[in-house]
Structure formats: structure tokens, C-alpha cells
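Student: I should be grateful for a close look at one part of this structure. Could you describe that part carefully and then show how the rest is arranged around it?

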Amino acid sequence: MAYDLKKVIVEKPSRFTEGHRMCAGCGAPVVTRMIMRALKPEDHAVVANATGCMEVSSFIYPYTSWTDSFIHTAFECAGATCSGAEAAYKSLKKQGKLPQDKNTKFIAFGGDGGTYDIGLQSLSGAMERGHDMVYVCYDNGAYMNTGIQRSSATPHFADTTTSPAGKVIPGKMQVRKDLTEIMVGHHIPYVAQTLAMTNFKDLYEKAEKAIYTEGPTFLNVLAPCPRGWGYPTEDLMMINKLAADTCYWPLYEVVDGKYKITYKPAKKLPIEEFLRPQKRFKHMFKPGNEWMIKEFQEEVDKRWNELLKLEQITNQE
Amino acid sequence: MSIRERLSGNEATAIAMKQINPDVVAAFPITPSTEIPQYFSTFVANGEVDTEFVAVESEHSAMSATIGAEAAGARAMTATSANGLSLMWEMIYIASSLRLPIVMALVNRAVSGPLNIHNDHSDAMGVRDAGWIMLFSENNQEAYDNMLMAHKIAENKNVLLPLMVCQDGFITSHSIENIELESDEEVKKFIGTYKPEHYLLNDKEPIAVGPLDLQAFLFEHKAQQAEAMKNAKQVIKEVSEEFEKWTGRKYEFFEKYMLDDAEIAIVCMNSTAGTTKAVVNKLRENGIKAGLLKIRMYRPFPVDEVAEALSHLKAVAILDKADSLNGAGGALFEDVTSSMYVNKKQVPMVNYVYGIGGRDTTEAQIESVYEDLQKIASSGDIGNPYRYLGLRREEN
């Protein structure tokens, strides 16, 4: 059945409701709502959330935005917490202590801080143990909840409060970690990288596959942050589109080890198009700093070309 | 009818867990508690339990997964020691704040550093204010019995708090002793099935667990936890009485050994009580009125009962197997002396920090404490209340 955005929205009520306190122009609630919509209406979900923007904005006692069951324990352990709930489900179902005709799906959400950094061990453990769960990283490229500190997902040269663009050091001096590839290295059945673009087709379909593929699956979703990135709130979708069109954030999936790039821009835009609208890269456009843009472009090209090769290699008979 | 066996403390604990047949066990190996998940995973591998065993990649994840499982509606258990508990520390507080009746076996060992794998109580003392019920066990029988009583206490509607059963690393965990086991059916009957009121896997009533809890509510929520801990006292009493009716083995908040007519006494926990009993017997033969108070229920602390039980003594020594490094005595010493003070009981009391890092505690050492107590009792002079027992150092 072909994807139809209108049908999805009409037929599937939001499971992440209004009233949450995420910022206007934030990418995270947009992707969260869409991922939760990918659940079959008849299925129940247990959501585990790492501490972060999303958790502190969606479940402030005594209010919650989640219509499914939800658990937050701490920053670094959404993977482990979710795996425990999934183990309980397996055990209770096996013992006949839960209705046999009812399905519960397990989804963990974490920001890049709770996933790339402090929660990487917990995530890796949960994936390796083979729990039937999806881990979703909403990657906004820094610790936004505590006020825009650099993470290992922060792009090269970005200005953050712990990698400030100063007189001597021009922003974050390290390139970003490729978490999606680390997850591919776990040899789990489904890994995908996506973002909210145009009619959400890429995001929705990947979420659906991730949720309904048996075993551990992983989604890395770009989720721009207007405060941390420095763009006007209304430009969220434009920033997303530029991330895909410059191949800064390639959209692809790896199904049982086979790569498939799900979006190849007709015209790959130069990286300046993605960098220029964001204040965190402003210093890169000062005269004399052309080398920074050049280096950034080279890194993007290198990773994109590697991905093209991986797609080719893994699909050879 | 009880079954006579010979088991180590770890084996006894693993067998109790097998009989409890929890829905989920998540654990990570650490000496000296490693054998517990080892034995238990054998039960899982042989289909002797219904449990999902989650072989996590760290103790932080062990407690996180246990929390996830218990919140989901399962009976979930784990076991650890020392640094494993330290790594769990963040989650220990979260487990109790979520009011999850998780049961954990804590095989006591010295917390680093420097690294040491042997017994003291520094791990347990580090979480004494974390909102967990803490039961201590003198020997393998008590470790087994406390474990059988654990769920009935923790899961009580007026309690709903996590509970840890402590035993001494190696001294108890690895020593084989005679033990009386109960039958699987009897254990099952005693514990009953777990029926949580609210749980994540109930699709008819989705719940949200673990909020951001700000100035408007956190204070009241913490007070509710404190109230539950107070309620636990009565529940522990009732469950212990029920247990006694079933097995004939009597448990109270603490054990009084030759205490009622004693003039001098030691207060201690876990295996040292065994050594102390042997010394008390010897002293009694020589007409010395020595006694012992062995704490079983450390959290909640039986403030009034302890004060009452010690009020008639002429001198008391409190033995702490963990140094609080604060210039004001060990944790048990503070608890006991505070209990006395609020109950307006004035008895000379001294503190001994002993057995750190698995240093052997001998009968001769315990005897020397009673000798000190006799001097204090006759002179009324406490001298330095903060003492060491068995510490090797330059004469001063």
C-alpha cells in the first residue's frame, strides 16, 4: 500500500499529544509523533526515554504527553531500561500472564547525548542481547537540555558552549562520530538513518520497518534544534531538507547487512547551503576561514562516497 | 518438613531465587556474588525456572533492566557486590523512588579503592539512605530465610519498596554449612503470586513512570517513601512471625543473645555475630555477663527497640565493618547512639571499626573488646570512643 500522509494523520490519532513543552521549531516532537504513528492502532507500546529535552518537556509531574505506557529512569540507560521491560513481556507472555492476542512494542528514545555518549554502552548491550525493541536516537548534535554543550555527534567546527568558536580555537575541532555505522557493526536486522522531510514518507516507512522487524533495530533521526543551531523556528523543515540535499545527513537503511540509500539528491548541493543558515557555523564564513568549509565538504564527500560504495558492495551477488 | 542440605551462602541464595521463580533476573558478575547469577543461569538453561535471564553488560544496566522489568509488571531480581553496587548507585535511588519492590542479593565486599575483593560492609553502608529495606544475615541459613521473606515484605501494599538481603562475602557466600531448606511448593505458597496494581504492560491502563518532579511535588513524594519505610517495620514483624509459624525459625528486628541479663554487650551485623556468640559462651562460663545484639533489620532502623534492649547495660561496643572516614564513628555507631539519645537512655558506648578489606576477626579480638568493656563498666571512663579492632600500626 502506497504511503499517504493524509490517511496516516486522519486514521492514526497522535500518540504524543499536544501540551508538551518542547520549543517551537524543534525537530524532536515532529519525529517522535510520526514514529509513534507508525505503530498499528491496535498495538500497545512501552516507551523508554533517556533523560533529555524530550523527557523533561513531555512528562512533568502530574502531566504526560504519552498515551502509551512510558518509563524514564536516568540519562544513560534507556537501552537497558527498555530491555528489562521487554524481558518482562517475554517472560509474562510465555507464562500466560498476559493476553495472548495483544501485542506490545518497545521503543526507546534518546538524544545524541543519551545515545552517542553517556548511553552508548547501555544501547550497545541491549542491541547485542537481541531484545525485540527499537532504539530511536533523535540527534540534535549537542547536549541541548543542559544548554548546548558539545557531544560526539556535534559536527566539526560547530560553536557550542563547551566548544566555543574563540580567537584561537574555532569551534569543535573533531569530526562527528558515525553512530549509525557503529550500530550496523552490531549486525542487527535493521538500522536506518532518516529525518523529517517533505511528506515524512522516509521517516514513517523506516519507523514502521524498525518497529515491526523482529529483534533489535535502530533509527538515527536528525532533529534540528533552533536554539543550538541558530535558525528561525519556521525554517525547521528547510534545514532538514538541506541536510539531506547536501548529503550531510544521508538517508539510508541497512537491512540484514544490505545497504540501501533511500534518497539520492538529484543535485547534491554544496555544504555551504546547509551551514550558512545556522548561527553555530557563522564563524566559518569569515574571510580567511574558507579552509574550514573546504575541510567540512571533504569530510561530507568522503562519507557519502563510502556509503555509495557500501551500497554497491553489499548488493553484489 | 524441612530438607537438610549443605550449601554455601551463594548456593543458598540461588536456590531461594529458584524457588521464588522470578519473572526476570538481570545481573552482571562480580566477586564474591558471581556464583549467584552463575547458578541461576544454569537453572534457566535447564528449564527449571520461568525466568528471562538478562545477561547485561554492567551493573548499571543490571539495575536499569531490573527497574524496567519490575515497572513492566514482573517480579525482577538481581545480585551484586561492592563496586557493582557503586556503579548501580544512581539506579538504586531511582528504584526506590519508583516504589518498585525489587529484591537484590548483596554479597558484602569492600568498595574500591584500592581494589580489594574481600568482605566488609562499605558497599551496603554507601546505600543506607537510598530507601531500600536492608536485612543482614549471619550465615547461609539466614541469607536463605531472609530471601524467602523478602518479596512478601517488599510487595506489601503499605510498603512497595525495594529490599536487599546482605551476607558477608566469602565468609558466608563461599563457606559450606548445614542448612534447612523448605520445599518448592511450600515456598511458592508462602510467597504467593505477584499482582501489581499499576504496571507498564497493562494496555488497558497505560501509565507513565519516572517524571520530572519539581518543587511542587518532590518533597511530598520523598515523604511518602519515608512513610513506606516506617510501615515496613510492622510488615517485617508480621512476615517474620508468619515465617516462624511455617518453618519454626524465629526472626526479629534483631537477635538478642544472652542480652537480657548482660552487663556488657557488643552490637554487630552479619557473620561477626557468630564469632561473638562463641566468645560470649566462653565468657559466660567464666561468670562474665557478656551479651550480643545482632542487627538483622538495618533499614528501617529499629530505633526504639534497640534503645530499650540496650538500656540496662553498663557498657556497649558497636562494631562497624566499614569506616565512615568522618571523625565521628561508623554508621551503625551513629544509628545506635542516636537511638539511645532520642530515647533518653544513657549507656557508655564505644565504636570499633574492624575487619576492613577482609581482615580476619578472631575470637581473641572480640574477647579484647569485652575486656575493654569491663574496664569501661567499672571505671565509667570511655576514653577514646572511636577505636580500631585488628588494625596493625606503630604502638602509640
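Tutor: Strand β4 of chain B runs parallel to strand β5 (residues 103-108) of chain B, and four bridges join the two. One point at which to find this pairing is B:Met77, which stands opposite B:Val103 in β5(B). Between the two strands the chain passes from β4(B) through α4(B) to β5(B), and this β-α-β crossover is right-handed. Please bear in mind throughout that the model is a predicted one.

The other neighbour to consider is β2(B), which pairs with β4(B) in the parallel sense over two bridges. Here B:Val24 stands opposite B:Ala76 in β4(B).

Is β4(B) enclosed by the rest of the structure or left open? Five of the five residues of this strand, residues 76-80 of chain B, are buried, so the strand is largely enclosed by the rest of the structure. A residue is counted as buried here if 20 or more other C-beta atoms lie within 10 Å of its own. Both faces of β4(B) are covered. On one side the buried residues are B:Ala76, B:Thr78 and B:Thr80, and on the other they are B:Met77 and B:Ala79.

We may now widen the view to the sheet. In chain B, seven strands form an open sheet with mixed pairing, in the order β3-β2-β4-β5-β7-β6-β13. At its edges stand β3 and β13 (297-299) of chain B; each has a single partner strand, so one side of each is left without a neighbour in the sheet. On average, neighbouring strands of this sheet are turned by 20° against each other, direction being ignored. Helix α2 (residues 35-45) of chain B packs on the sheet and touches β2, β3, β4 and β5 of chain B. The direction of this helix makes about 135° with that of β3(B). Further along the sheet, strand β6 (residues 133-136) and strand β7 (residues 163-168) of chain B run parallel and are joined by four bridges. In that pair, B:Ile133 has B:Leu163 in β7(B) as its bridge partner. As a general principle, the strands of a sheet pair through backbone hydrogen bonds, either parallel or antiparallel.

The sheet belongs to a chain with 12 helices and 16 strands. Chain B has a radius of gyration of 21 Å, close to the 21 Å that the globule rule gives for 396 residues, so it is as compact as a globular protein of that length. The C-alpha trace of chain B spans about 70 × 55 × 45 Å along its principal axes. Of the 396 residues in chain B, 54% are buried. Among the contacts in chain B between residues at least 6 apart in sequence, 81% join residues at least 24 apart.

Some elements already named also take part in the meeting of the two chains. In that meeting, 40 residues of chain B are in contact with 40 residues of chain A. At least two residues of the side of chain B that touches chain A come from each of β2 (24-27), β3 (52-55), α3 (59-72), α4 (82-97) and β9 (208-209) of chain B. Thus β2(B), which pairs with β4(B), and α4(B), which lies on the crossover from β4(B) to β5(B), are among the contributing elements. The largest share, 10 residues, is supplied by α3(B). By residue type, this side of chain B divides into 24 nonpolar, nine polar and seven charged residues.

Strand β9(B) deserves separate mention, for it pairs with strand β2 (residues 69-72) of chain A in the parallel sense over two bridges. B:Ala208 in β9(B) is the bridge partner of A:Phe70. An open sheet of nine strands with mixed pairing therefore needs both chain letters in its description: β8(A)-β7(A)-β5(A)-β6(A)-β4(A)-β3(A)-β1(A)-β2(A)-β9(B). Its edge strands are β8 (258-261) of chain A and β9 of chain B, each of which pairs on one side only. Within this sheet, strand β4 (residues 134-139) and strand β6 (residues 217-222) of chain A pair in the parallel sense over six bridges, and A:Tyr135 stands opposite A:Phe218 in β6(A).

Chain A itself has 12 helices and eight strands. Its radius of gyration is 19 Å, close to the 20 Å that the globule rule gives for 317 residues, so chain A is as compact as a globular protein of that length.

Technical notes. Residues are numbered from 1 along each chain as its sequence is written. Chains are lettered from A and ligands numbered from 1 in the order in which they are written. This is a predicted model: local features need pLDDT of at least 70, side-chain atom pairs count only at pLDDT 80 or more; totals for chains, interfaces and linings use all residues. The radius of gyration is taken over C-alpha atoms; the globule rule is 2.2 Å times the number of residues to the power 0.38. A residue is buried if 20 or more other C-beta atoms lie within 10 Å of its own, exposed if 12 or fewer, and partly exposed in between; C-beta atoms are placed from the backbone. Two residues are in contact if their C-beta atoms, placed from the backbone, lie within 7 Å. Ala, Val, Leu, Ile, Met, Phe, Trp, Tyr, Cys and Pro count as nonpolar, Asp, Glu, Lys and Arg as charged, and the others, Gly among them, as polar. Two strands pair if DSSP finds at least two bridges between them. A crossover is right-handed if, with the strands pointing away from the viewer, the path from the first strand over the helix to the second runs clockwise. Axes are lines fitted to C-alpha atoms, for helices over the stretch in contact, and angles run from 0 to 180 degrees between N-to-C directions.
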